[in-house]
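Work through the exercises below with the model open beside you. Try each task before you read its solution.

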2 protein chains.
Amino acid sequence: VPKISDTDKQERIERILDGARRCFARYGYEGATVARLEEETGLSRGAIFNWFSSKEELFVELARRDNERLLALFAEQGFRALVRTLVEEDPDWLAVYLEFGRRLRSDEAFRTRWKERAAPDLRDRVRTRIEGEQAAGAIRDDLTEQEIGRFLGVVLDGLVVQRGMGFEPPDAEVVVRLVEDAIRGQGRARRGTRDGTRARA
Amino acid sequence: VPKISDTDKQERIERILDGARRCFARYGYEGATVARLEEETGLSRGAIFNWFSSKEELFVELARRDNERLLALFAEQGFRALVRTLVEEDPDWLAVYLEFGRRLRSDEAFRTRWKERAAPDLRDRVRTRIEGEQAAGAIRDDLTEQEIGRFLGVVLDGLVVQRGMGFEPPDAEVVVRLVEDAIRGQGRARRGTRDGTRARA
């Protein structure tokens, strides 16, 4: 095995993950055979599984990155940005999550790893954002930060499942307006304007 | 083949569906082999597939019944009753929907049949309920009936996917409060009380 620099190593890993994502989206998780992973990455199985111990590990790493990207987006820009990103996500890729869903349920060890796939500091930043908006009166404070966060999670998962199943989801702006009206604090205006700016009450 | 009365026929069909539901919940859609369907229903494959042309038709009939039951519940009792029912549904059964999700996406003919699985009159009753509540000021009328309905669908699908994946969903009452605050009309009180009764503004 030839030596490989850190840069080359990183490039190799990215290439494997890019190919694996395309492969999962195209053939589904079960349908993504080793031969097809080789084809989509342009690398041999030896080269692929030198960096990832299994197909499962490939998927989990992709899901971990998605999760981190979306949590960071929420922490930095809020729920609206998150919904907009989700409705632009490749439905073929989202469908892979559905396929994985039942597995997640039946394999508790895997579910535990799944829950831990987000960096703790990122989850702290999400929590801080919600609590900050509660303190500022932008988000209601008669519910806990956790209750608000879980509700947002339900709405997002609902969008993922509808898009992954191939149905036309409701308009992103409508979802955002409704969710904002649900979680808005007491210092709130009654209606948002079309472009999303909002007069403060 | 012995003759069979209409009552016996209906009993036979119910027995097949009951067994198939248990079988899907226990082994998943793919895992529900013909041998396992025979075991759970206590009937031979000949007897089962005399009434249903395929495993797919069994699942679609179960899903159709779920859908009708839930739409009827919404039309008669509203969103709160629907959420309460969903959070009591067997997660193993809900997980089967996830497994079916990707298939739904990749098979357009099947998706069309899926969309049509609810009786049109039932969908009309749901529409009538939402429009009636909009007219009465209980549900906001700055969004269309379809936009409201689709948003409720997203929330419900989000609950299904979280339960099907084995995660603890948010408290049902919290979800109901937040959704009610999202869709409430102008003639609305600001906050519900704990037991769900609500002063009118």
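**Exercise 1. Describe the fold of chain A.**

Solution. Start with the secondary structure: chain A has ten helices and zero strands. Helices (H or I, at least four residues) and strands (E, at least two) are DSSP runs, numbered from the N terminus. Next, read along the sequence: the pattern is α-α-α-α-α-α-α-α-α-α. Last, take the extent: along the principal axes, the C-alpha atoms of chain A fill a box of roughly 65 × 35 × 35 Å.

**Exercise 2. Judge the confidence of the model.**

Solution. This is a predicted model, in which local features need pLDDT of at least 70 and side-chain atom pairs count only at pLDDT 80 or more, while totals for chains, interfaces and linings use all residues. Residues are numbered from 1 along each chain as its sequence is written, chains are lettered from A and ligands numbered from 1 in the order in which they are written, and side-chain values use heavy atoms, with hydrogens and water left out.

Take the average: chain A has a mean pLDDT (the predictor's confidence in each residue, from 0 to 100) of 87, and 92% of its residues score at least 70. Then find the extremes. In chain A, helix 2 (residues 34–41) is highest at 97, and helix 7 is lowest at a mean of 80. Residues 188–201 of chain A stay under 50. For the whole model, ipTM is 0.85 and pTM is 0.86.

**Exercise 3. Find a link within chain A.**

Solution. Count salt bridges (a side-chain nitrogen of Lys or Arg within 4 Å of a carboxyl oxygen of Asp or Glu): the structure holds 46 over all chains. One of them joins A:Glu173 and A:Arg80, at 2.7 Å from N to O. A:Glu173 is in helix 10 and A:Arg80 in helix 5 (residues 79–86), so the pair ties together parts 93 residues apart in sequence.

**Exercise 4. Describe how chain A meets chain B.**

Solution. First, the contacts (heavy atoms within 4.5 Å): 53 residues of chain A touch 52 residues of chain B.

Second, the area. Buried area is the accessible area (1.4 Å probe) that two parts lose on being put together, summed over both. Here it is about 4,700 Å², with 57% from carbon and sulfur atoms.

Third, the salt bridges: six run between the chains. Among them, B:Asp142 pairs with A:Arg177 at 2.9 Å, N to O.

Fourth, the elements. On chain A, helices 1, 6, 7, 9 and 10 each give two or more residues to the side that touches chain B. Helix 9 gives the most, with 13 residues.

**Exercise 5. Relate the two chains.**

Solution. Superpose them by least squares on the C-alpha atoms of residues with pLDDT of at least 70 in both. A rotation of 180° with 0.0 Å of shift along its axis brings chain A onto chain B, at RMSD 0.0 Å. That is the relation of a two-fold axis. Now compare the surfaces: 98% of the interface residues of chain A are also interface residues in chain B, so the copies meet through the same surface.
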